[in-house]
Amino acid sequence: MLSSLEAFSPVFCRALPWALALSLAAGCTMPAASPAMATVTKAAPAAPPAPSNAAPSEADAVTPLLAYADRLRSLPGPELAQEITRLGNAASAGDQLRLALTLSQTRQLPDLVRAQELLQRALANNSEEARPLHALARLLAARFAEQRRAEEQLDRQNQQLRDLQRRLEQTQDKLDALKEIERSLSNRPAAAPASSPRGRTRPPSP
């Protein structure tokens, strides 16, 4: 009597090639990727370019003004006056800061007061053009306030010096007048001495 293994062997040997073929066919056919997996593996899109009409950055707005301030330092008085006339009323925030910088170079107290007013106008302007200039405007406002205090102190000292000079001139005029009176008294001729009654001689008696 054949054992169970010997009875099963012919059947197993005939079925083995078909099993291997089915296994290979199943291994070559991979399931399609799901939409979720495709979304994960897809590369992220590039960031869109910045619009061409974007507001200027603080560095882009301040750098030309710093170069302008450096150029003003070498301008003589007549050219500073021409630049003040050219800027006129300075409607934009940039021109307001330029005119304020130019006025500060004249070293005149009224011009410095006007420069401070222009800075306040620029700080009150909240447009896209003006906002990048606010930090520079605040810095200039603090500097101009210190300069104004120094100019006012210098003006007071100059006024005190003029008052002292005027008093010295008045004192000198008085001294000159006293010297003139003294000279006139010293140049006056001396009066002849009057004869004493006791010194008179009696006429001879007849």
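Here is a short walk through this predicted model, from its nonpolar core out to two loops.

Let's start on the inside. The largest nonpolar core is made up of 28 residues. If you want to find the ones with the most contacts inside that core, look for Leu-97, Leu-99, Leu-119, Leu-133 and Phe-144. Several helices chip in here: H3 (58-72), H4 (77-87), H5 (93-104), H6 (109-124) and H7 (134-186) each bring at least two residues to the core. Of these, H5 gives the most, with six residues.

Leu-99 is a handy place to pause, being one of the core residues with the most contacts. Leaving aside residues up to four places away in sequence, Leu-99 touches Ile-84, Leu-87, Gly-88, Ala-90, Arg-114 and Leu-118.

One of those partners, Ala-90, deserves its own visit. You'll find Ala-90 in the loop between H4 and H5. Most residues other than glycine have a negative phi. Ala-90 goes the other way: its phi is positive, at about 55°, although it is not a glycine. Is Ala-90 buried or exposed? With a relative accessible area of 3%, it counts as buried because the cut-off for that is under 20%.

Now hop along to the loop between H5 and H6, where Arg-107 lies. Arg-107 is another residue other than glycine with a positive phi, this one near 60°. Its surroundings read differently on accessibility, though: Arg-107 has a value of 47%, so it counts as partly exposed.

Notes. Residues numbered from 1 in each chain as written. Predicted model: local features only at pLDDT ≥ 70, side-chain atom pairs only at ≥ 80, totals over all residues. Heavy atoms only, no water. Core = buried A, V, L, I, M, F, W, Y, C linked by side-chain atoms within 4.5 Å. Buried < 20%, exposed > 50% of the residue type's maximum accessible area, 1.4 Å probe, protein only. Helix = DSSP H or I, 4+ residues; strand = E, 2+ residues; numbered from the N terminus. Contact = heavy atoms within 4.5 Å.
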